[in-house]
Amino acid sequence: MSITELPAWRALAASASRLTNSRLTDLFDNPERNAKLQLGVGGLYFDFTKQRVDDNVVHQLLALADDTAVGRRAQQMFDGEKINSSENRAVLHSALRGGANPTAGVSGEVNDVLQRMYSIAQRIRSGAWRGCSGKAITDVVHIGIGGSHLGPELAVTALEDHHTTHLRLHFLANIDANNFRACTRSLNPETTLFIVASKSFGTLETKQNALSARSWFIERTNAVDHLGKHFIGATSNVSAAVDFGLYEENLFPLWDWVGGRFSLWSAVGLPILLALGEDNFEEFLHGARQIDRHFADRSGAENIPLLTALLATWNYNFLGANSLAVLSYDQRLRLLPDYLQQLEMESNGKSVTLDGQAVDYHTMPILWGGVGTNGQHAYHQLLHQGTRAFSADFIVVGKDERHMQAHHDWLLANAFGQSQAMANGFQAGDGESHRNVPGNHPSTTIILDTLSPRELGALLAVYEHKVFCQGAIWNINSFDQWGVELGKELAIPIYKQLSGNGTLPQQDPATQRLIDYIKIVRSENT
């Protein structure tokens, strides 16, 4: 049976019709409602009061969670059952921070790897790790893409105030040669360490960038026998990494029960550990672990990840919000929308159910966003006076950590003012309809007490569990990404045609025209 046939789904559809002409401002007058929609955990405060829901809708959403067995599926995940059905894998990223059920049986190996990470990080940070010429490491380049890149770069960038190292951290993901050149331009190969993060050690972009990094290093040092002193790997394909030239003792495992976009808590997060040090990294894991426990223990509308997912489902499936704007009012969180794009859209951008049937409802909308207040002078015009339905997450930091109160007060004033305008709107006088702002757009405001390792870990874990809950509600697999694989496969024969490597069948006419044009351009420029 489709979830659209469930009693709770039908009730929610009726409530959406009932609330069609209602205003958010009418809901604000209910103190009891507002109190229930303000929740806190792990140094985070969630204000859901600007969501277009009344008590009846919240009860119906909780009934939908019951009807779709979200709680039972969560227990299956924590217990290590293979809920990633298309790949026959467990989903245990919470085990990486000690948040999974011990019966899952992976805590021992997780702790062993974590202790190895602490040991190698201490050697690199202290200068005991020496490169080919006996010099200490000064720069670390993390090579990955997608899930093995976005999380570590976000955490290292966001937690810059908590760095406890002289090391300079760099991130290389794009296969574009301009990215490689910009990353390596000012580096000394004798004092540079590369971390190659790839589960298969064959991901196209990561492999090509790693090959170029190896060539760059050897050409400048002629120290091919010392390659292992300048490359570390996080992978499940040990033999491929050793063939590449890495030392097996400097390789860290990536388990098949951790998807890439959930992997920053693993050895993929080594750059975070190098930047923050062991104590801060433990706090990062602790923040996420607090949310794991909250998610497992709290019931109903007190469960923040569950409520976040239910309200998002209400917005997407019943109010017609076709996009989610993530608006980070802190420059340090400027990469958060990029990270969440992969976490949410790659997880829940699906069109078939767990039993292979086409869905007859919308799943994940477009997630996008940016940093405030810059966005107010760009796309906020569309948000306020455009014609599309959307929802928004406003994310701010409560403490003035720069001790520049005027800056911080204005930043917060703008964030709260923008959410107020989205909710309340503005009605101008006669003859000034061009000034009208409809308002009535739902939003959530999330306040981090401070931007510390603990709070950031907690925030990211909330979004992880939100993704799981929505996937359970929509009856889809949030933990595979077969759509990503198709584009990779199609690129292989195109690459061979572009490089002139062998005779291959013609592409479809549209693609072949593009290939032919590139060949013309290249021939004219030789």
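R97 is buried in this predicted model, with a relative accessibility of 2%. Its side chain meets that of E464 in a salt bridge, with 2.8 Å from N to O. E464 is also buried, because its relative accessibility of 1% falls under the 20% limit. The two residues link distant parts of the chain, 367 residues apart: R97 sits in the loop between α5 (70–78) and α6 (107–126), and E464 in helix α17 (residues 453–474). In total, the structure holds 21 salt bridges.

**Salt bridges around R332**

- R332 forms a salt bridge with D330, and the closest N and O atoms of this pair are 2.8 Å apart.
- Both R332 and D330 are buried.
- For R332 the relative accessible area is 8%, which is why R332 counts as buried.
- A salt bridge also joins the side chains of R332 and E401, at 2.7 Å from N to O.
- E401 lies in the loop between β10 (391–397) and α16 (405–424), and R332 in the loop between β8 (323–329) and α14 (336–348), so this salt bridge ties together parts that are 69 residues apart in sequence.
- E401 has a relative accessibility of 22% and therefore counts as partly exposed, whereas R332 is buried.
- Through shared partners, salt bridges join E160, D161, D330, R332, E401 and R402 into one network.

**Cavities**

- The model has 2 cavities of 30 Å³ or more.
- The volume of the largest cavity is about 130 Å³.
- This largest cavity is lined by 16 residues, of which Q51, T308, A312, D393 and T444 are the closest to its centre.
- Two or more lining residues of the largest cavity come from each of α13 (304–318), β10, β11 (443–448) and α17.
- Helix α13 gives the most to the lining of the largest cavity, with 5 residues.
- By class, 9 residues in the lining of the largest cavity are nonpolar, 5 are polar and 2 are charged.
- The second largest cavity holds about 60 Å³ of space.
- Its lining is made up of L96, V110, V113, L114, M117, W255, W265, S266 and A267.
- In the lining of the second largest cavity, 8 residues are nonpolar, 1 is polar and none is charged.

**Largest pocket**

- The largest pocket holds about 1300 Å³ of space.
- It is lined by 49 residues, and those closest to its centre are S200, T203, L204, E485 and K488.
- Helices α9 (204–221), α14 and α18 (482–499) each supply at least two residues of the lining of the largest pocket.
- Helix α18 contributes the largest share of this lining, 11 residues.
- The lining of the largest pocket divides into 21 nonpolar, 16 polar and 12 charged residues.

**Second largest pocket**

- The second largest pocket has a volume of about 370 Å³.
- Of its 19 lining residues, D330, Q331, R332, R402 and L411 are the closest to the centre.
- Among these, D330, R332 and R402 also belong to the salt-bridge network described above.
- The largest share of the lining of the second largest pocket comes from α16, with 3 residues.
- By class, the lining of the second largest pocket has 5 nonpolar, 6 polar and 8 charged residues.

**Cysteines**

- The count of disulfides is 0.
- C132 is in no disulfide, and the nearest cysteine sulfur to its own, that of C183, is 18 Å away.
- For C183, likewise in no disulfide, the nearest cysteine sulfur is that of C132.
- The distance of 18 Å from C132 to the nearest cysteine sulfur is not within 2.5 Å, so C132 does not meet the cut-off for a disulfide.
- C183 counts as buried because its relative accessible area is 9%.

Technical notes. Residues are numbered from 1 along each chain as its sequence is written. This is a predicted model: local features need pLDDT of at least 70, side-chain atom pairs count only at pLDDT 80 or more; totals for chains, interfaces and linings use all residues. Side-chain values use heavy atoms; hydrogens and water are left out. A salt bridge is a side-chain nitrogen of Lys or Arg within 4 Å of a carboxyl oxygen of Asp or Glu. Helices (H or I, at least four residues) and strands (E, at least two) are DSSP runs, numbered from the N terminus. Buried means under 20% relative accessible area, exposed over 50%, partly exposed in between (1.4 Å probe, protein chains only). On a 1 Å grid over the protein atoms alone, a cavity is a set of points where a 1.4 Å probe fits but cannot get out, and a pocket is an open set with protein on both sides within 12 Å along at least five of seven lines; lining residues have an atom within 4 Å of a point. Grid points are joined across faces, edges and corners, and a volume is the space filled by probe spheres set on the points. Ala, Val, Leu, Ile, Met, Phe, Trp, Tyr, Cys and Pro count as nonpolar, Asp, Glu, Lys and Arg as charged, and the others, Gly among them, as polar.
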